[in-house]
Amino acid sequence: MLSTIAYGLTIGAILYIISIGLSLTFGTMRIVNFAHGLIYTIGAYLLATTLPLARDNFLVSALIAVAVVVPLSYVIERFIVRKLYGVSIDYAIIATYAVVLIGVDLIKWIWGASPIPLSDPVGVDISIGTLTMPLYRLIIIGLALVIFVALSLFFKKTMVGKIVVAALEDKDGVRSLGINVDKYFSYIFVIGSCLAALGGVLYAPITSVHPYMGMMVLLISFAVVLVGGLGNIKGTFVSAFVLGLVMAITGRY
């Protein structure tokens, strides 16, 4: 049972890292961004591609994968998502889902449709009482906690974070102060996309990398966002770990 709970916490950590970007995007822009799942998938594929080039250095490959996503996410936001601000949510669903379909076909064209297995980058197990689990999974859980604290401080202490929080409550009021809200929303979109790519990078060694992995996790991430609250960092954190535990425990039984 302890191993099941540990696995559930790992899933919860991955779900949080993916879902928080989706939550912030939905909360700020009122955009249902299906392309978030594509960014997650691309992050995993970039990791698989760069690992041999980086001599199996997982950290270097992960940094490259997240860095490559930055310009890609900016292009998606600048030329697709930004044109959908203030329009019906249906248009955002159709447009971003089209991006996913095109992206998945491009992935299959570049990397093929066969799953790509990756090994545990740490390869060390630790024992805590009667529980034995891979150290890599503990690192993922710890990283999720670090991201939670970092984002909390970012929105409380930085000017960009305070503007975004204010815009979540009253976008028109912030605009009336002469602040270009869309520019700051672009920053949040890119940050959220980087976290999605990081989620793909971290989960790739636990599962196999395949073109449709983003579609599978996206539906669960939407559930996390809806339960946790749009733009709610603490709510998303709690709901992600609760859902991860529920998935692990019910899967066991």
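The expected span of a helix is 1.5 Å times one less than its number of residues. Keep that yardstick in mind as we walk through this structure, which is a predicted model.

Let's try it on helix α5, residues 135-157. With 23 residues, α5 reaches 32 Å from its first C-alpha to its last, close to the 33 Å expected. Now look at which parts of α5 are covered. Its buried residues are Tyr-136, Ile-140, Ile-141, Ala-144, Ile-147, Phe-148, Leu-151, Ser-152 and Phe-155. When reading a list like that, it helps to recall that an α-helix has 3.6 residues a turn, so residues three or four places apart point the same way.

Helix α9, residues 213-228, can be put to the same test. Its 16 residues should span 22 Å at 1.5 Å a residue, and because its end C-alpha atoms are 23 Å apart, the two values agree. The buried residues here are Met-213, Gly-214, Val-217, Leu-218, Ser-221, Phe-222, Val-224, Val-225 and Gly-228. Just past α9 comes Gly-229, with a positive phi near 105°.

Which residues does Ser-19 touch, leaving aside those up to four places away in sequence? They are Ser-221, Val-224, Val-225 and Thr-236. Ser-19 itself is found in helix α1, residues 2-29, while Ser-221, Val-224 and Val-225 are among the buried residues of α9. Ser-19 counts as buried too, because its relative accessibility is 0%, and the cut-off for buried is under 20%.

Next stop, helix α2, residues 35-53, where you'll find Thr-50. Is Thr-50 buried or exposed? Thr-50 has a relative accessible area of 10%, so it is buried. Its side chain reaches the backbone oxygen of Leu-46 at 2.7 Å. Not counting residues up to four places away in sequence, Thr-50 also touches Ser-61 and Ile-64.

Follow the chain on from α2 and you get into the loop between α2 and α3 (58-81), where Arg-55 sits. Have a look at the backbone here: phi of Arg-55 is near 55°, a positive value in a residue other than glycine. Asp-56, in that loop as well, does something similar, with a positive phi near 65°, and it isn't a glycine either. Both side chains can be checked for cover. Arg-55 counts as exposed because its relative accessibility is 77%, and Asp-56 counts as exposed because its value is 61%; the cut-off for exposed is over 50%.

Finally, helix α4, residues 89-111, which holds Ile-102 and Gly-103. These two make a nice pair to inspect. Ile-102 has 53% relative accessibility, so it counts as exposed, whereas Gly-103 has 10% and therefore counts as buried. Where does Gly-103 lie relative to Leu-38? The two are 65 residues apart along the chain, yet their C-alpha atoms are separated by 6.7 Å.

As for Ile-102, turn to the surface and you'll see that it belongs to a nonpolar patch. Leu-106, Trp-109 and Ile-110 form the patch together with Ile-102, and the accessible area of the four comes to about 500 Å².

How values were computed: Residues numbered from 1 in each chain as written. Predicted model: local features only at pLDDT ≥ 70, side-chain atom pairs only at ≥ 80, totals over all residues. Heavy atoms only, no water. Patch = residues over 30% accessible without salt bridge, like charges linked within 9 Å, V, L, I, M, F, W, Y side chains within 5 Å. Areas by Shrake-Rupley, 256 points an atom, 1.4 Å probe, with all protein chains shown as cover. Salt bridge = Lys/Arg side-chain N within 4 Å of Asp/Glu carboxyl O. Helix = DSSP H or I, 4+ residues; strand = E, 2+ residues; numbered from the N terminus. Buried < 20%, exposed > 50% of the residue type's maximum accessible area, 1.4 Å probe, protein only. Polar contact = N/O pair within 3.5 Å; in protein donor to acceptor, adjacent residues only side chain to side chain. Contact = heavy atoms within 4.5 Å.
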